[in-house]
Amino acid sequence: MGRYGAGVNTDTVRWGIIGVGNVTEVKSGPGFQQATGSQLVAVMRRDGAKAADYARRHGVPRWYDDAEALIHDAEVDAVYIATPPDSHRDYAVRVLAAGKPVYVEKPMARTTAECEDMLAAAEQAGLPLFVAYYRRAMPRFATVKQLLDDGAIGQVQAVSVRAAKPAVIDDGADAPWRVRPEISGGGHFVDLASHTLDLLDHLLGPIARVSGYATRFAGPTAAEDTVAGAFQFESGVLGTGLWSYHTAEERDEVRILGSAGSVQPSSFGEEPIRLTTADGEQQIAAPYPATVQLPLIQTVVDELTGRGRCPSTAESAIRTARVVDALLAEYRASHGLRLS
């Protein structure tokens with residue numbers, strides 16, 4: 001049997017998905033069918049017709065419109081939770097209590113407090129809890145990490161992040177869930193910037209200190225659209241970030257500065273990585289995989305079957321949640337946003 005008891009077979013992990021929305025169509029869902037030692041055997045969505053349609057289109061044997069039925073399906077070994085963040089804690093706790101490992105979408109939950117509840121449930125159950133910060137396993141960013149580890153830019157000293165997106169955020173109850181803090185935890189910053197902050201944790205180590213400001217220029221809704229922050233990593237590396245999701249400009253820039261050069265990947269684009277040293281600028285091709293979560297899903301399967309380790313855990317994801325919460329603390333307080 002697998003490392004985590006009778007629920008996981010040594011050779012194959014049989015997966016169920018709770019919440020088969022857009023993210024599961026291309027980015028993640030197929031990865032559970034493509035990974036070695038993995039099968040997708042059941043899916044659930046509250047709208048049974050949509051669950052059935054997903055199962056038919058993706059060749060999944062069973063579908064449910066009730067989460068409890070999937071959670072207690074004896075042929076489901078582990079569960080991927082792909083619902084909006086406001087239900088992550090509830091579903092994760094229920095799956096772990098049923099004795100099954102969890103892979104949950106990012107952000108791990110709306111707040112650090114919710115994440116800590118999930119980790120406590122995993123520890124009580126003696127089971128792993130993985131989080132879909134999939135950049136940690138993508139070849140593109142493995143290349144960046146190798147450059148840093150090899151000293152290609154000398155001693156790393158600083159990092160700057162600049163992100164801008166001309167997003168128009170609709171007001172009211174009809175707004176997308178990603179910009180409704182009661183569901184997502186915030187706005188596009190929580191949804192998108194958390195990817196970059198988690199990646200920096202992976203590349204440069206944990207952030208030890210953080211401060212920042214958030215505001216909203218787009219109108220009267222509750223979600224922040226502009227955030228500025230400064231942080232220091234445990235290693236001493238300094239960082240700054242500016243994220244704006246209501247501008248005319250579109251930008252996606254991460255620049256890591258060292259004593260002998262710099263490396264500049266983007267968080268979301270597929271353009272080459274730019275490495276600048278005394279020898280000049282080199283462009284390193286680094287496209288995304290067709291199924292972007294597949295490399296991370298493979299590490300999850302490998303850990304569950306005793307063949308490897310996953311780099312994106314509840315513990316690492318909680319560090320990212322703490323940074324997000326710190327940057328938004330004053331804004332949430334001033335707008336009366338109490339999410340837990």
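**Exercise 1. The surroundings of α9**

Which elements cover the buried residues of α9?

Solution. The structure is a predicted model, in which local features need pLDDT of at least 70 and side-chain atom pairs count only at pLDDT 80 or more, while totals for chains, interfaces and linings use all residues. Residues are numbered from 1 along each chain as its sequence is written, and side-chain values use heavy atoms, with hydrogens and water left out.

Step 1. Helices (H or I, at least four residues) and strands (E, at least two) are DSSP runs, numbered from the N terminus. Helix α9 comprises residues 294-304.

Step 2. A residue is buried under 20% relative accessible area, exposed over 50% and partly exposed in between, with a 1.4 Å probe and protein chains only. Nine of the eleven residues of α9 are buried, so the helix is largely enclosed by the rest of the structure. Among them are Leu296, Ile297, Val300 and Asp302.

Step 3. The cover of these buried residues includes β1 (13-18), α1 (31-34), β2 (38-44), β4 (78-81), β5 (102-104) and β6 (129-131). Contact here means heavy atoms within 4.5 Å.

Step 4. Just after α9, glycine 306 has a positive phi of about 80°. Most residues other than glycine have a negative phi.

**Exercise 2. The sheet and the helix across it**

Determine the strand order of the six-stranded open sheet and the placement of α9 on it.

Solution. Step 1. Two strands pair if DSSP finds at least two bridges between them. The order is β3-β2-β1-β4-β5-β6, and the pairing is parallel. The edge strands, each pairing on one side only, are β3 (62-64) and β6. On average, neighbouring strands are turned by 25° against each other, direction ignored.

Step 2. Strands β4 and β5 pair in the parallel sense over three bridges. Isoleucine 81 stands opposite valine 104 in β5.

Step 3. Axes are lines fitted to C-alpha atoms, for helices over the stretch in contact, and angles run from 0 to 180 degrees between N-to-C directions. Helix α9 lies across β1, β2, β4, β5 and β6, and runs at about 130° to β1.

**Exercise 3. From β5 to the end of α5**

Trace the chain from β5 through α5 and describe the packing of this helix.

Solution. Step 1. The loop between β5 and α5 (112-125) contains proline 107. The peptide bond from lysine 106 to this proline is cis, with omega near -15°.

Step 2. The expected span of a helix is 1.5 Å times one less than its number of residues. With 14 residues, α5 reaches 20 Å from its first C-alpha to its last, close to the 20 Å expected.

Step 3. The buried residues of α5 include Cys115, Met118 and Leu119. They pack against α4 (88-97), β5, β6 and α10 (314-334).

Step 4. Glycine 126, just after α5, takes a positive phi of about 70°.

**Exercise 4. Aromatic pairs**

Classify the ring pair of phenylalanine 231 and phenylalanine 233.

Solution. Step 1. Rings of Phe, Tyr and Trp (its six-membered ring) pair if their centres lie within 6.5 Å; planes under 30 degrees apart count as stacked, over 60 as edge-to-face and the rest as tilted. Seven aromatic pairs are found in the whole structure.

Step 2. The two ring centres are 5.9 Å apart and the planes stand at 80°, so the pair is edge-to-face.

Step 3. Phenylalanine 231 is buried at a relative accessible area of 4%, and phenylalanine 233 is buried at 2%.

Step 4. Elsewhere, ring pairs link Trp15, Phe32, Tyr80 and Tyr103 into a cluster.
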